[in-house]
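This report describes the architecture of a protein assembly and the way in which its chains meet. The sequence and the structure are shown first, and the description follows.

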Amino acid sequence: MELVAQLLDWFTAPAQWTGSSGIPVRVLEHVLYTVAATGVAVVVGLPIGLAVGHTGRGGTVAVNTTNVGRAIPSFGIIVLFFFIFGIDPVPAVIMLVALALPPIVTNTYVGVRSVAPAVTDSAAGMGLTGWQVLREVEIPAAMPLIMAGIRTSAVQVVATATLAAYIGLGGLGRYIFDGLSQQVLNQVVGGAILVALLALATELALGRVQRLVVPRGLQARSRQAALDAKLT
Amino acid sequence: MITFESVTKQFPGGTTAVDELHLQVPDGEVVVLVGPSGCGKTTILRMVNRMIEPSGGRVAVNGEDVMRTSPPRLRRGIGYVIQGIGLFPHRTIAQNVATVPKLEGWDDDRIKARVDELIETVGLPDGVRDRYPHQLSGGQQQRVGVARALAADPPVMLMDEPFAAVDPIVRTRLQDEFLRLQSEVRKTIVFVTHDIDEAIKMGDRIAILSQGGHLQQYATPKELLAEPANDFVADFLGAERGLKRLALIPVSQVEAAPGPVVAPGAGIDEARRVAETHSSDWVVVVDDEGRARGWARLDELDGRGPVDGVRLRDFELTVHADDSLRTALNALVISRHGVAVRLGDGDRYEGLLTRELLSEELR
Ligand SMILES: Nc1ncnc2c1ncn2[C@@H]1O[C@H](COP(=O)(O)OP(=O)(O)O)[C@@H](O)[C@H]1O
Ligand SMILES: [Mg+2]
């Protein structure tokens with residue numbers, strides 16, 4: 001109960017909402033890290049996934065290589081980067097990119113590969129060029145899985161971007177690490193709550209985007225599939 | 001015209017799917033490739049639009065070697081219904097049908113008009129236009145596949161087991177509609193099936209293939225059924241080869257017997273006389289317009305006349321001039337009297353069919 005009251009105090013203190021260490025600025029910093037890392041991961045990962053998916057060659061190599069990103073101990077790496085580069089957001093973002101890449105590459109690859117062979121075959125058979133097959137058929141048909149990959153990545157990045165604060169950078173992690181070192185519990189929990197809320201907001205926002213970019217015919221079907229899955 | 005000259009296809013790994021194939025598909029005809037699974041039908045078909053490239057020999061469409069046209073150019077001029085349809089799941093039915101016209105840069109009005117026309121041509125309800133493939137039944141999806149292949153009105157069509165995935169009733173309907181459509185559009189069609197009955201029904205000519213893409217016989221269905229070239233072909237045609245042949249011959253090929261015919265107003269004496277000359281104990285009643293009214297047994301006439309005064313019996317079995325001899329034979333087998341009445345258009349009486357008359361063709 002006491003913690004709830006303290007949290008309320010922390011959230012409602014006017015100082016909390018202004019200045020360079022106020023919540024709006026910290027959220028903005030956090031969002032910037034996330035957008036930068038997820039953005040780079042999409043720009044790098046999507047073409048890789050599409051290329052290996054479309055050609056059907058190099059899929060295992062691409063997926064396994066990017067999966068190394070999953071295995072990287074984020075915390076250890078960020079500390080290592082700190083000793084090498086000092087307080088620099090670029091290495092931190094690179095670390096986040098490595099984390100964001102695997103779901104995007106894997107999902108894009110799997111999404112393109114799982115377009116029924118009869119569908120791409122009929123497309124080529126009607127005289128679409130390779131590019132046209134990719135653009136008109138494979139990408140739209142793979143869009144639900146591609147978007148799912150981007151959502152997974154973005155949410156993971158939101159959570160992990162907290163670590164940036166450990167090496168002196170900004171973001172919502174500041175509240176957590178500063179609170180821990182100064183033993184201010186409400187600040188730690190407040191920071192954690194903000195990270196969770198931001199992750200949720202990211203998920204919801206990308207859900208909206210997904211509805212915009214996934215072709216309507218596939219949406220109806222994935223909703224139906226979701227319903228069927230619930231029923232069984 | 002599509003020509004195969006010494007066409008061979010060897011896949012990497014050593015499978016020879018097609019071996020020295022010579023085949024000509026004449027303009028406006030349906031040529032069916034038929035044979036057991038894995039005999040190379042799909043491979044042959046796909047060499048026409050370069051989905052597979054021959055490892056030897058020459059495939060030409062209208063005299064032009066297909067290898068000299070770029071695949072997209074070539075393929076847009078050849079309608080292709082693949083095994084498994086392959087509709088675009090993210091596109092509406094109208095968008096699916098519009099695929100090739102769009103690639104060809106038609107304007108929107110022309111595309112819309114063509115799509116509407118095709119949806120009607122293949123017998124789809126208008127409401128499917130803006131639906132997605134997964135919302136359609138299997139039979140409807142097959143129709144969309146055919147409509148999509150026809151969209152830019154290509155002179156040549158390749159159809160790979162187009163009706164394989166639907167139940168027999170729907171398949172029969174799709175086949176009938178396809179034949180009706182083909183009689184109007186007269187495309188040059190290569191049609192693949194593993195079902196010999198479908199081949200006999202659909203083909204102007206049939207190419208029977210065995211494993212390794214060996215052409216065993218290339219002939220019209222009638223020739224094939226009458227004179228199979230070898231045991232492989234005979235086996236493939238099946239035990240009911242004779243009946244299948246009868247199914248291809250229309251009843252009008254067989255002369256019908258005039259039969260004991262009287263006018264509705266004929267008296268009993270005339271009926272007796274006519275029956276006697278045909279050594280029967282019944283007469284058929286045909287009116288001035290040539291329409292068959294029914295028949296009557298002499299002993300039921302009770303010595304009364306005119307014949308039309310008694311209740312006439314309906315014919316048990318009638319056979320239409322367009323029916324096949326197989327249908328006629330069936331009618332005769334189940335008829336108690338061994339006689340079937342043959343009717344022409346508008347129920348006009350054309351005569352009687354008997355087992356004796358049919359036996360000529362049955363030999
Ligand atoms: N891409 C391929 N690579 C290797 N072998 C193939 C390939 N496609 C078909 N084959 C082989 O070629 C033969 C003929 O196949 P196909 O033309 O598909 O037969 P059908 O359509 O008559 O069932 C089969 O033995 C098949 O396994
Ligand atoms: Mg096949």
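In what order do the 6 strands of the open sheet with mixed pairing in chain B lie? The order is β6-β7-β8-β3-β9-β10. The model is a predicted one, and every statement below refers to that prediction.

**The mixed sheet of chain B**

Strands β6 (78-81) and β10 (214-219) of chain B stand at the edges of this sheet, and each has a single partner strand, so one side of each is left without a neighbour in the sheet. From one strand to the next, the twist averages 15 degrees. Within the sheet, β3 (residues 30-34) and β8 (residues 188-193) of chain B are paired in the parallel sense, over 5 bridges. In this pairing B:Val34 lies opposite B:Thr193 of β8(B).

**The antiparallel sheet of chain B**

Chain B also holds an open sheet of 4 strands, in the order β2-β1-β4-β5, and here the pairing is antiparallel. Its edge strands are β2 (16-25) and β5 of chain B, each of which pairs on one side only. Strands of a sheet, whether parallel or antiparallel, pair through backbone hydrogen bonds.

Strand β4(B) takes part in two of the pairings set out below.

| Strand pair (chain B) | Sense | Bridges | Opposed residues |
|---|---|---|---|
| β1 (residues 2-10) and β4 (residues 56-61) | antiparallel | 5 bridges | B:Thr3 and B:Ala60 |
| β4 and β5 (residues 64-65) | antiparallel | 2 bridges | B:Ala60 and B:Asp65 |

B:Ala60 thus appears in both rows: B:Thr3 stands opposite B:Ala60 in β4(B), and the bridge partner of B:Ala60 in β5(B) is B:Asp65. The hairpin of β4(B) and β5(B) has 2 residues between the strands, and in this hairpin B:Asn62 adopts a positive phi near 50 degrees.

**A helix that lies across both sheets**

Helix α1 (residues 41-48) of chain B lies across strands β3, β6, β7 (156-160), β8 and β9 (205-210) of chain B, and runs at about 155 degrees to β7(B). The helix α1(B) also lies across β1, β2 and β4 of chain B, where the angle to β1(B) is about 120 degrees. Strands of the mixed sheet and of the antiparallel sheet are therefore both among those that α1(B) crosses.

**Chain A**

Chain A is built of 10 helices and 0 strands. Its C-alpha trace spans about 65 × 45 × 30 Å along the principal axes. One helix of this chain, α2 (residues 23-55), contains both A:Arg26 and A:Glu29; because these two are 3 residues apart, about one helical turn separates them. Their side chains meet in a salt bridge, at 2.9 Å from N to O. Side chains of opposite charge can pair when their charged atoms come close. Over all chains, the structure holds 24 salt bridges.

**The interface between chain A and chain B**

How many residues does each chain bring to the contact? Chain A gives 22 residues and chain B gives 22 residues. The area buried between the two chains is about 1,900 Å², and carbon and sulfur atoms give 64% of this area. On the side of chain A, A:Asp121, A:Gly125 and A:Met126 supply 29% of the area that the chain buries against chain B, more than any other three residues.

Polar interactions are also present. There are 8 residue pairs in polar contact between chain A and chain B, counted where both residues have pLDDT 80 or more. The interface also has 2 salt bridges. In one salt bridge A:Glu136 is joined to B:Arg91, with the closest N and O atoms 2.8 Å apart.

Which elements of chain A give two or more residues to the side that touches chain B? They are α6 (117-125), α7 (130-160) and α10 (216-231). Of the elements of chain A, α6(A) gives the most to this side, with 7 residues. By type, the residues of the side of chain A that touches chain B comprise 12 nonpolar, 6 polar and 4 charged.

Technical notes: Residues are numbered from 1 along each chain as its sequence is written. Chains are lettered from A and ligands numbered from 1 in the order in which they are written. This is a predicted model: local features need pLDDT of at least 70, side-chain atom pairs count only at pLDDT 80 or more; totals for chains, interfaces and linings use all residues. Side-chain values use heavy atoms; hydrogens and water are left out. Contact means heavy atoms within 4.5 Å. Buried area is the accessible area (1.4 Å probe) that two parts lose on being put together, summed over both. A salt bridge is a side-chain nitrogen of Lys or Arg within 4 Å of a carboxyl oxygen of Asp or Glu. A polar contact is a pair of N or O atoms within 3.5 Å; within protein, one must be able to donate a hydrogen and the other to accept it, and residues adjacent in sequence count only if both atoms are side-chain atoms. Ala, Val, Leu, Ile, Met, Phe, Trp, Tyr, Cys and Pro count as nonpolar, Asp, Glu, Lys and Arg as charged, and the others, Gly among them, as polar. Two strands pair if DSSP finds at least two bridges between them. Axes are lines fitted to C-alpha atoms, for helices over the stretch in contact, and angles run from 0 to 180 degrees between N-to-C directions.
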